[in-house]
Amino acid sequence: MHPFQYERARNAKNAVSTVAQNPTATFIAGGTSHVDLMKENVHRPDLVVDISGLPLQSIGGHDGGIRIGANVSNTQVAYHPDIVARYPGLSEAILAGASAQIRNMATTAGNPLQRTRCPYFRDTTQACNKREPGTGCAALTGINRVHAIFGASEACVATHPSDMAVALSALDAIVQTRGPRGNRSIPFTDFHRLPGNMPQLDTVLQQGELITSIDLPAFSGRSHYLKARDRASYAFALVSCAIALEMNGGTIRRARIALGGVAHKPWRTPEAEAMLVGKTPSEVLFRDVARAAFAHAKPLEHNAYKVPLGQNLMVRALMETSGLLPLQGTPGTAFASSAGSVAGIIPLSA
Ligand code: SF4
């Protein structure tokens with residue numbers, strides 16, 4: 001591990017100024033992902049500023065929605081009664097990720113800042129433009145089974161690993177920050193970047209810019225999250241799908257769909273979302289929507305399976321959210337399937 005200095009932040013202003021002035025400094029809170037990367041020599045900060053003691057631990061009503069402080073743990077969010085009642089898709093997404101022990105330590109700001117689980121990123125003997133810009137991408141010609149099918153570049157084909165971020169994207173959350181040049185409100189859909197020719201940058205955050213909270217806008221519809229993975233627990237999504245539906249009687253007034261495990265950021269599907277507006281839920285409609293959502297997918301050598309898997313998962317998520325199929329699990333719990341079982345339940349090719 002690279003040697004580093006450790007400081008406890010006295011307040012947010014001091015933390016921002018310290019990290020902004022030192023390009024090799026970083027914030028740390030729960031540390032559930034960051035410390036692993038430091039131990040693996042992937043992250044090599046010279047200075048670590050611990051923000052876990054800052055008063056960013058409240059969760060409560062804000063503008064008709066809910067404001068979640070940056071340091072609120074994933075467990076607290078997932079089981080908060082207002083989240084379970086009003087945003088169950090977010091609760092389901094958090095509970096579909098990691099273990100209880102990790103969720104107890106991981107924070108609201110830290111979860112969306114997780115770095116990719118591309119195995120070449122974490123192996124310092126391999127070429128990786130995200131870890132060492134300009135060295136190449138071992139995944140392009142290597143085993144790319146878990147990599148992106150949307151929005152990738154020649155420089156990087158990694159996917160974002162967070163489940164929580166996918167639900168936040170579908171809920172149009174807002175990231176509130178405090179930076180060296182003041183405060184910012186960043187729509188969650190703009191928060192993560194596509195790799196382009198700078199895959200080392202995962203988000204639009206500037207050096208020293210601190211997330212202070214994540215806001216959930218007012219929402220009175222139904223939300224839901226489904227995840228397909230290689231085994232039934234403690235695995236990252238091969239594909240996941242978050243849905244937020246607002247109904248007007250028997251028709252869909254507004255729909256938002258975000259996919260996980262398919263791109264460098266939670267992947268919204270505006271064309272598919274628009275196809276749902278004003279329509280009555282039906283399996284035929286949802287199959288058409290799923291086909292449209294994946295029409296522009298560009299699979300790599302080993303991950304073409306993500307297209308039918310993702311289509312089937314989306315159909316099932318829409319069926320369950322709209323009430324055409326019973327929900328798998330209840331609010332405050334998580335349901336995730338192995339890839340094989342999802343593909344078998346509602347085969348799109350049928
Ligand atoms: Fe690195 Fe991205 Fe290539 Fe993975 S896909 S090896 S993270 S550049």
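The following paragraphs describe a helix pair, an enclosed helix and several buried polar or charged residues in a predicted model.

Helix H11, which spans residues 283-293, packs against helix H12, which spans residues 306-322, at an angle of about 140° and with the two axes 9 Å apart. Because angles over 145 degrees would be needed for a roughly antiparallel arrangement, H11 is classed as oblique to H12. The crossing of H11 and H12 is right-handed. On the side of H11, the contact is made by Glu283, Phe286, Arg287, Val289, Ala290, Arg291 and Ala293, while H12 contributes Gln311, Met314, Val315, Leu318, Met319 and Ser322. By character, the residues of this contact comprise 8 that are nonpolar, 2 that are polar and 3 that are charged.

Several of the H11 residues in this contact, among them Phe286, Arg287, Val289, Ala290 and Ala293, also belong to the buried set of H11, in which Leu285 is likewise included. The cover over the buried residues of H11 includes helix H12, together with strand E11 (251-260) and helix H10. Within helix H12, where Gln311 is found, this polar residue of the contact has a relative accessibility of 12% and therefore counts as buried, since the threshold for that class is under 20%. Gln311 and Arg291 are separated by 20 residues in sequence, whereas their C-alpha atoms lie 6.5 Å apart in space.

Helix H10, which covers residues 270-276, holds Glu273, a charged residue that is buried, with a relative accessible area of 9%. The side chain of Glu273 is joined to that of Arg268 by a polar contact of 2.8 Å. When neighbours within four places in sequence are left aside, Glu273 is in contact with Ala255, Arg256 and Ile257 as well as with Arg268. Arg268 itself is placed in strand E12, which consists of residues 267-268, and the side chain of Arg268 forms a polar contact of 2.8 Å with that of Asp172 in addition to the 2.8 Å contact with Glu273. Beyond four places in sequence, the residues in contact with Arg268 are Ser169, Ala170, Asp172, Thr189, Arg256, Ile257, Ala258 and Glu273. Arg256 and Ile257 thus appear among the contacts of Glu273 and also among those of Arg268.

A further buried polar residue, Asn111, is placed in the loop between helix H6 (100-105) and helix H7 (138-141). The relative accessible area of Asn111 is 9%, so this residue is classed as buried. With residues up to four places away in sequence not counted, Asn111 touches Asn74, Ser162 and Met164, and the side chains of Asn111 and Asn74 are joined by a polar contact of 2.9 Å. Asn111 and Asp163 stand 52 residues apart in sequence, with a C-alpha to C-alpha distance of 8.6 Å.

Helix H5, formed by residues 88-95, is largely enclosed by the rest of the structure, because 8 of its 8 residues are buried. These buried residues are Pro88, Gly89, Leu90, Ser91, Glu92, Ala93, Ile94 and Leu95; they include the charged residue Glu92 and the polar residues Gly89 and Ser91.

Definitions and conventions. Residues are numbered from 1 along each chain as its sequence is written. This is a predicted model: local features need pLDDT of at least 70, side-chain atom pairs count only at pLDDT 80 or more; totals for chains, interfaces and linings use all residues. Side-chain values use heavy atoms; hydrogens and water are left out. Axes are lines fitted to C-alpha atoms, for helices over the stretch in contact, and angles run from 0 to 180 degrees between N-to-C directions. Helices (H or I, at least four residues) and strands (E, at least two) are DSSP runs, numbered from the N terminus. Angles under 35 degrees count as roughly parallel, over 145 as roughly antiparallel, 65 to 115 as roughly perpendicular and the rest as oblique. A crossing is left-handed if the near helix is turned anticlockwise from the far one by less than a right angle, and right-handed if clockwise. Contact means heavy atoms within 4.5 Å. Buried means under 20% relative accessible area, exposed over 50%, partly exposed in between (1.4 Å probe, protein chains only). A polar contact is a pair of N or O atoms within 3.5 Å; within protein, one must be able to donate a hydrogen and the other to accept it, and residues adjacent in sequence count only if both atoms are side-chain atoms.
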